Amino acid sequence: MIKTKNLSKDYGSLTAVANLNLTIQQGDIFGFIGPNGAGKTTTMRILVTLLEPTHGTAFIDGLDVRKKGKKVRKLVGYMPDFMGVYDDLKVFEYLEFFAAAFAIERKKRKSIVDGVLELTDLQSKRSATVDSLSRGMQQRLGLARVLIHDPKVLILDEPASGLDPRARIEIRELLRELKRMGKTIMISSHILSELEEICDHVGIIEHGRMVFSGTLEEIRPRLGIESKVRVQVANNQDKAVELLSALPQIRQVQVIDDYISVTFGDDQEGDGIIARTLVNGGLDVTFLQPEQLKLDDAFLQLTKGIVH
Amino acid sequence: MVVSLYNFVLKLLSLSWLTGPIFEKELRVSSRRRRNYVLRFTYLALLTIFLVLTWLAYVPRGGTGLYQISRMAEAGKGIIAYIIWFQFIAIQFVAGIMLSTSISDEIYSCTLGLLMTTPINSFQIVIGKLFSKLLQLILLLAISLPILAIVRVFGGVPWGYIVSGLCVTLTTVLFVGSVSMFFSIFNRRAYVVIILTILTLGTLFALLPILAAMFLHSVVSESQFFSAVSYANPYVLLAFDTDRMMSPRMGGWPALSWAVHCVIMLVASALLLLLSVLMVRRVALRQAIGELGTSSRGRRRRSNTKAVSTASEHRDFAPPPRRVKGPAVLWKELRSPVFGRRKIAVLITIAIGLIFLFVTYGFCADENALDDEWVHILYTVIFLALGILFTIILPATCITSEKESRSWPLLLATTLSDRQILFGKFAGVLRRCLPVWALLFGHIMLFTLAGVIHPLATIQMGILVAWIVVFLSGTGLYFSVRFKRTTTAVMMNFGVAALIWALLPFVITLIGTIVRDFRDFHAFCELYWDTNPFVHAVVIIAATARNGGLRRYDWLEVGARDVSEATIWMLSCMLGYMFLGLFFAWRAKCRFRRNVF
């Protein structure tokens with residue numbers, strides 16, 4: 001649904017995006033991650049036709065964003081990292097204004113606006129002026145605006161920034177609902193744990209270059225990260241260490257407080273082997289958990305945190 | 001003891017107790033702003049151009065050496081008078097612009113509240129801001145001092161005139177700066193502050209003296225009246241002093257009233273600054289406790305809005321939202337209130353203005369002057385100037401305000417075409433300008449009904465207003481797209497109008513006096529004047545305001561004397577300016593998607 005080919009954007013001597021290649025499948029939620037100034041927002045702005053790329057091409061549903069700007073805008077709903085409000089408009093008027101801007105027929109507009117207000121749980125605010133809404137409500141309104149013309153693709157730049165935990169959870173639920181509706185969503189965020197919960201794929205960008213793109217499961221081998229298991233036994237920790245060290249699949253055994261951290265060799269996984277070995281050795285296993293690779297860890301390992 | 005006394009004296013002399021660290025910070029920041037260097041360069045360039053042109057106008061080439069020397073003293077007087085008047089007017093403008101964002105910038109970057117959490121007090125904030133800008137203005141004044149000293153060598157210019165001129169300029173600048181700073185406490189947008197400052201100064205130094213002259217002319221003599229006015233009016237005072245300096249019969253020395261005038265202006269500035277200190281303190285404390293905005297009215301409005309929105313959760317008290325009809329941008333532009341949110345304040349101002357207007361009509365009727373063409377020329381020029389002022393401002397704000405409220409990218413991300421947005425914005429500008437132009441047409445139609453002005457004036461004035469609106473809307477839209485900040489766009493549009501309708505005519509007239517022998521250039525100068533909207537207005541009213549009859553159209557160069565020829569000339573000007581306006585509008589459309597962020 002979204003594809004970029006050697007996409008580049010220069011601002012004078014500064015290269016914001018450099019030869020970016022990206023593919024997002026229809027119906028996916030794609031998490032776009034990177035340090036500040038990495039080029040996320042620039043890429044998104046190119047995709048929604050607000051910026052012209054210096055080199056390369058970008059396609060939305062097969063349409064070149066450079067040549068078919070108007071058609072692309074019809075397909076895409078863009079929520080920037082700021083809330084653009086018209087002070088003197090009410091919520092309903094604001095949404096109907098954008099419905100009219102997207103050339104939706106007048107007789108259909110009311111039902112569409114009511115529909116998105118319901119979806120975003122803003123019915124009670126329909127007569128409130130836009131600038132009187134709280135930050136969380138404004139973010140919801142931003143999402144409602146994005147949905148007004150029923151776009152196939154949603155490009156959301158930091159939609160949860162500055163929100164309290166409850167509002168973040170609500171936005172997350174809303175995004176899940178949108179995925180169920182078949183929307184393709186590209187979302188950037190600094191709250192990585194949230195992306196982890198909702199994204200099918202992630203792209204990590206630094207210095208305008210994509211340093212990783214794929215599923216979370218694909219990051220581990222890409223980073224050469226070993227799989228680890230944490231074990232706790234009820235008695236005789238030394239014997240447990242001795243038994244585990246003897247296993248050929250295991251590269252390292254470390255004791256950290258009451259736990260034993262077991263590191264497997266490349267591409268090896270085997271919490272089953274550990275449990276079997278310890279039980280056969282007459283030990284009571286009280287805790288056994290594979291250590292999961294967090295998106296935060298991958299982000300830290302893949303990026304250096306240097307900004308332009 | 002001695003050391004502490006020494007330190008106390010040092011602190012007292014350093015004036016840091018007066019301005020706090022604000023003064024130092026302002027100086028540091030201003031040295032990093034490119035616009036300050038551009039301002040100094042422009043000021044110096046204009047001063048030099050005027051100086052050269054004045055020199056050439058007074059001391060013509062050719063003639064004997066003795067003749068040229070005999071002209072030196074005259075040239076010296078002329079040049080000094082030009083410099084003093086140039087500085088007097090230009091530095092007032094610069095002061096108004098420089099101080100127009102002095103407090104509002106602090107308010108909207110939320111640093112005013114922060115300052116209140118430090119030992120700095122509001123007095124130091126106000127004085128620090130004012131002095132830092134004044135220092136730069138004094139620097140501009142100082143640039144001309146060597147020229148003033150050199151020119152005085154030519155003879156004929158008393159020191160008293162230069163000293164009084166500089167003192168009057170300085171105290172007027174202090175007053176203008178104080179007015180601008182005062183308004184910047186209540187208004188975020190610099191152009192609003194600048195306009196309010198101009199209107200206030202216009203009221204104080206022009207409208208009130210004119211009204212006073214109307215009512216007092218039978219009580220006091222003309223010389224007594226102007227002598228009294230000169231104590232509080234720097235324009236009248238400087239005009240008096242210049243007249244004395246230029247006149248060989250008066251001895252050249254200025255009247256001593258200039259010292260009294262300076263004291264009066266200083267006291268007025270001090271009172272205004274005191275008021276500013278009190279207001280800044282209130283606003284800063286409000287911001288320090290987390291309330292944004294500048295006025296209690298704003299606070300009330302916000303709380304009302306919140307109350308309405310809360311109530312609407314339970315009961316549907318709020319008026320129902322309006323439905324969007326027709327093209328989206330057009331609907332939005334036509335929907336927003338003409339008078340903005342401060343509807344009552346604006347309506348009261350309009351009501352007071354109309355009362356003043358009818359009082360002046362009454363006075364003119366009492367004097368049997370309502371059928372005098374010059375009375376109608378004066379009214380027309382004032383209304384035209386007001387209309388032009390608003391037509392400069394409104395188009396220049398329509399896209400930059402979208403950029404400032406960050407809704408511009410959202411609009412561009414819709415499927416609206418650039419042309420639809422442009423037409424919507426233009427319609428919005430027309431609608432907002434309408435009430436101001438209604439004053440002009442109201443006046444003309446009223447006196448057409450009264451049989452004083454010929455009905456043709458309405459049509460010809462319509463042609464004039466049409467091209468002014470299209471031209472200024474085109475340039476305004478272009479600058480609005482081109483720049484990010486509303487103030488820059490407004491200043492640029494104002495600059496274009498000032499350049500082609502005030503500065504260029506003045507410069508080419510000066511050049512015309514230098515090259516008297518070139519008849520073609522002289523004809524060109526007058527032809528250029530004939531394209532000026534104010535000349536059009538004066539010619540139209542002079543030809544149509546005589547007991548409802550028609551007279552000859554007295555253009556400066558154009559030979560279009562009768563109605564049809566004059567109308568053809570007006571239509572030609574309309575075509576030219578409309579073409580330019582549409583060209584700028586087209587360029588604006590082409591730049592819509594550039595510099596979006």
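In this predicted model, the contact between the two chains draws on 30 residues of chain A and 27 residues of chain B. On the chain B side, three helices each put in at least two residues: α13 (296-314), α14 (328-335) and α18 (408-412). Of the elements on that side, α13(B) gives the most, with 5 residues. Sorted by class, the side of chain B that touches chain A turns out to have 13 nonpolar residues, along with 8 polar and 6 charged ones.

Now for chain A itself. Chain A splits into domain 1, covering 2-221, and domain 2, covering 226-292. Measuring from C-alpha centre to C-alpha centre, domain 1 of chain A and domain 2 of chain A lie 44 Å apart.

One sheet to look at is built from 4 strands of chain A, lined up as β2-β1-β4-β5; this sheet is open, and its pairing is antiparallel. At its edges stand β2 (14-24) and β5 (63-64) of chain A; each has a single partner strand, so one side of each is left without a neighbour in the sheet. The link between strand β4 (residues 55-60) of chain A and β5(A) consists of 2 bridges, with the two strands running antiparallel. Here A:I60 has A:L63, in β5(A), as its bridge partner. A helix goes with this sheet too: α1 (residues 40-47) of chain A lies across β1 (2-11), β2 and β4 of chain A, and runs at about 115° to β1(A).

Another open sheet of chain A also has 4 strands, this time in the order β12-β13-β11-β14, with antiparallel pairing. Its edge strands are β12 (250-256) and β14 (285-291) of chain A, each of which pairs on one side only. Going from one strand to the next, the twist averages 20°. As a reminder of what holds such sheets together, strands pair through backbone hydrogen bonds, either parallel or antiparallel.

Within this sheet, 6 bridges connect β12(A) with strand β13 (residues 259-264) of chain A, in the antiparallel sense. Take A:I256 as an example: its bridge partner in β13(A) is A:Y259. Helix α9 (residues 237-245) of chain A lies across three strands of chain A, namely β11 (228-233), β12 and β13. Relative to β12(A), helix α9 of chain A runs at about 165°.

Note on methods:
Residues numbered from 1 in each chain as written. Chains lettered and ligands numbered in written order. Predicted model: local features only at pLDDT ≥ 70, side-chain atom pairs only at ≥ 80, totals over all residues. Contact = placed C-beta atoms within 7 Å. Nonpolar A, V, L, I, M, F, W, Y, C, P; charged D, E, K, R; others polar. Pairing = 2+ DSSP bridges. Axes fitted to C-alpha atoms, helices over the stretch in contact; angles between N-to-C directions. Domains from an automatic or database assignment.
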